[in-house]
Amino acid sequence: MSDFDGRVALVTGTTGIARATALHLAEGGARVMALGIDPAGNAALAAASSDITVRQTDVSVPAEVAAALGELEDRFGRLDIIVNSAAVHPYGDAVDTDPATFMRCLAVNVGSIHLTAHFGVPLMRRSGKGAIVNVASVQGHACQSGVAAYVASKGAIHALTRAMALDFAGERIRVNSVSPGSVRTPILELAARTFDGPDADIAAVFRRFGDAHPIGRIGEPEEVADLIGFLVSDRAGFITGSDYRIDGGLTAGLGVK
Ligand SMILES: NC(=O)c1ccc[n+]([C@@H]2O[C@H](COP(=O)([O-])OP(=O)(O)OC[C@H]3O[C@@H](n4cnc5c(N)ncnc54)[C@H](O)[C@@H]3O)[C@@H](O)[C@H]2O)c1
């Protein structure tokens, strides 16, 4: 694999899908900078590959993202790929969710996509092309109850992806999103503990979540990373402004019993 030889990639998040994607890009020849807020996740990813630089960053804070991009420019002098995977997942309906939690969810999940583009696309322009993938969710297409802020953020990611795709298409900067169903990551463990309590049997809950997907299992982060890797590669040169569901058929059905 050498799809990414000589390329430089920025990834937000350091665990789950972000971790798998950073490793996938590094294995394909890219040098990667990953931005994460979780010290343990950051340290584990930094230890996993010498081609991955990890920077402790809150991706919702403009000055922190600007500083990270400044360091990336100093270190590598170019930027070819951005993968926005960082997110928070608060639970609650519009009454349960306090305004600060709602706004924080939008700032992390959507605002960070604006920030990595705002500070990153000018650098990308110098390479004459680039590719951005935003990790959305099936919850941006249809949703479960009790996750109002998260669902609002994921719908916004679909819309922002289209807007950025149109705005940057003429500069050969492609922008797409992926919408996973349930994937084996820390955010899904949070879901398991939210629904089944702090002592939930995670493996059993994941099997139950898997049963809800027509294909009969949950997804693996490497499967999502593989799709992202394709979308940011030159093989996807005619693809922009699109969303790709990777959900084991979850949103193909109507759920009619
Ligand atoms: N796992 C699933 O079932 C699933 C399904 C659909 C969509 N997604 C989406 O996939 C993406 C990745 O999530 P994941 O499943 O890998 O879970 P995850 O919890 O491993 O990943 C989220 C990452 O975001 C980081 N993060 C959170 N707030 C941050 C901040 N302010 N600054 C920097 N980093 C921050 C976390 O530290 C973590 O590394 C998210 O956008 C999530 O909404 C996941």
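**Notebook: domain contacts and ligand shell**

I looked up the domain interface first and found 13 residues of domain 1 in contact with 12 residues of domain 2. The model is predicted. For the bounds, I noted that the protein chain divides into domain 1 (8-181 + 220-246) and domain 2 (183-218). I then took the C-alpha centres of the two domains, which lie 23 Å apart.

Next I looked up the area buried between domain 1 and domain 2, which is about 990 Å². Carbon and sulfur atoms give 62% of that area. On the domain 1 side, I recorded Tyr91, Gly181 and Glu220 as the residues that lose the most area to domain 2, together 49% of what that side buries.

I turned to the ligand. I listed 30 residues around the ligand, of which Thr15, Ile17, Tyr150, Val183 and Thr185 come nearest. Both domains take part, as the shell draws at least three residues from each of domain 1 and domain 2. By class, I entered 15 nonpolar, 11 polar and 4 charged residues.

I checked which helices supply at least two residues of the shell each, and noted H1 (16-27), H4 (99-125), H5 (148-168) and H6 (186-196). H6 gives the most, with 3 residues.

Finally, I looked up backbone N or O atoms beside oxygen atoms of the ligand. For isoleucine 17 I entered a distance of 2.7 Å, for threonine 14 a distance of 3.2 Å, and for glycine 181 a distance of 3.4 Å. Taken alone, the ligand exposes 810 Å², and I noted that the protein buries 94% of that.

Notes: Residues are numbered from 1 along each chain as its sequence is written. This is a predicted model: local features need pLDDT of at least 70, side-chain atom pairs count only at pLDDT 80 or more; totals for chains, interfaces and linings use all residues. Side-chain values use heavy atoms; hydrogens and water are left out. A residue is near a molecule or strand if one of its heavy atoms lies within 4 Å of it. A polar contact is a pair of N or O atoms within 3.5 Å; within protein, one must be able to donate a hydrogen and the other to accept it, and residues adjacent in sequence count only if both atoms are side-chain atoms. Accessible areas come from the Shrake-Rupley method with a 1.4 Å probe; for residues, only the protein chains shown count as cover. Helices (H or I, at least four residues) and strands (E, at least two) are DSSP runs, numbered from the N terminus. Ala, Val, Leu, Ile, Met, Phe, Trp, Tyr, Cys and Pro count as nonpolar, Asp, Glu, Lys and Arg as charged, and the others, Gly among them, as polar. Domain bounds come from an automatic or database domain assignment. Contact means heavy atoms within 4.5 Å. Buried area is the accessible area (1.4 Å probe) that two parts lose on being put together, summed over both.
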